[in-house]
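Biologist: I should be grateful for a close look at a single part of this model. Please begin with one helix, and then place that helix in its surroundings.

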Amino acid sequence: MTQQAERTRRIPLSRDRVLAAAVVLADQVGIEALSMRRLAQELGVVPMALYKHVANKEELLDGMVDALVSEIDPPVRDAGWKDAVRLRVLSARGALLRHPWARQVLESRTNKTPAVLGYMDSFIGMFLAGGFSVDLTHHVMHALGSRMWGFTQELFDDSAGGNAAGLATLPPEAQAAMFQEMAERYPNILKVATASAHQDSVVGQGCDDQFEFEFALDLLLDGFERLHRQHWTSTPAQTSPAQTSTPARP
């Protein structure tokens, strides 16, 4: 056993240490390969030692989400609501990009921990502090959806490496034949998909997903700002009896 491993074993086990090690391990091997047994091996302890700090793998995953939340920057003080929201969302996206497993785990969580609830509460607070009504803020949060966590379901989402990766392995003749078939059967999809290709996409050949994310985010923020200025409400305006009464005939 190396000196580094020996020093690691001498560090007292704690919940924070277990969660930090789980995050690092998931970053390295993926969330599917993360298990209590493998995590225990990384920490140099027996698996039963972990259960003193996390009851089961579900609680471990909840704790990993809490660790993710702790990486998201707090709202920028003295910034307008629009800048504060934008910066917070992009900070959340940065955390997700650092941890490829995070989106899958976030989407699988049914239990909202105090850390998650605190993040949601402070996120809502940015709009309320900006003068938004509770009514408008309610609908704004629905519109943002998963964007508050830094991701959304994309129209041409090949981040899992599916179609794009498979197509790249085909010989040029087969690729040309597939494109020809697409052009004949789904010409509009092919036009849009091929016209928006960028070399700097983080998902390989395809859209620049960071640009598309920020483009949609800015559209939403601009729309929220317009509704806020118009004092929009989801409650229909009440009309007075005088306005609804039938005019008297001459």
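Biologist: In helix α9, which residues are buried, and what do the buried residues of α9 pack against?

Modeller: The structure is a predicted model, and the values below are computed from it. Helix α9 covers residues 134-144, and its buried residues are Leu136, Thr137, Val140, Met141 and Leu144. These five lie on the same side of α9, because they cover an arc of only 140° around the axis. The spacing follows from helix geometry: an α-helix has 3.6 residues a turn, so residues three or four places apart point the same way. The buried residues of α9 pack against two helices, α8 (114-129) and α13 (209-229). Just after α9, Gly145 takes a positive phi of about 55°.

The contacts of Phe127 show part of these surroundings in detail. Leaving aside residues up to four places away in sequence, Phe127 touches Thr137, Val140, Met141 and Leu144, and also Trp81, Val85, Phe132 and Phe224. Of these partners, Thr137, Val140, Met141 and Leu144 are among the buried residues of α9.

Phe127 also has a place in the largest nonpolar core, which has 51 residues. The members that touch the most other members are Leu39, Leu60, Met64, Phe123, Phe127 and Trp149. Helix α9 gives two or more residues to this core, as do α2 (15-29), α3 (36-43), α5 (57-70), α6, α7, α8 and α13. In soluble globular proteins, nonpolar side chains tend to be buried together.

Two of the contributing helices, α2 and α5, pack at an angle of about 85° with their axes 9 Å apart. That angle makes α2 roughly perpendicular to α5. On the α2 side the meeting residues are Arg15, Val18, Leu19, Ala22, Val23 and Ala26, and on the α5 side they are Glu59, Leu60, Gly63, Met64 and Ala67. Leu60 and Met64 are also among the core residues that touch the most other members.

Helix α13, a packing partner of α9, also takes part in salt bridges, of which the structure holds 12. Lys82 pairs with Asp222, their closest N and O atoms being 2.5 Å apart. Lys82 is in helix α6 (residues 81-98) and Asp222 in helix α13, so the pair links distant parts of the chain, 140 residues apart. Both ends are partly exposed: Lys82 has a relative accessible area of 22%, and Asp222 one of 40%. Asp218 and Arg86 meet in a further salt bridge, at 2.7 Å from N to O. With Asp218 in α13 and Arg86 in α6, the pair ties together parts that are 132 residues apart in sequence. Asp218 is partly exposed at 26% relative accessibility, and Arg86 is partly exposed with a relative accessible area of 23%.

Within helix α7 (residues 102-108), Glu107 and Arg103 are 4 residues apart, or about one helical turn. These two form a salt bridge whose closest N and O atoms are 3.7 Å apart. Elsewhere, salt bridges that share partners join Lys82, Asp222, Glu225 and Arg229 into one network.

For the chain as a whole, the secondary structure comes to 14 helices and 0 strands. Buried residues make up 31% of its 250 residues. Among contacts between residues at least 6 apart in sequence, 67% join residues at least 24 apart.

Definitions and conventions:
Residues numbered from 1 in each chain as written. Predicted model: local features only at pLDDT ≥ 70, side-chain atom pairs only at ≥ 80, totals over all residues. Heavy atoms only, no water. Buried < 20%, exposed > 50% of the residue type's maximum accessible area, 1.4 Å probe, protein only. Arc of directions from axis to C-beta. Contact = heavy atoms within 4.5 Å. Salt bridge = Lys/Arg side-chain N within 4 Å of Asp/Glu carboxyl O. Core = buried A, V, L, I, M, F, W, Y, C linked by side-chain atoms within 4.5 Å. Axes fitted to C-alpha atoms, helices over the stretch in contact; angles between N-to-C directions. Parallel < 35°, antiparallel > 145°, perpendicular 65-115°, else oblique.
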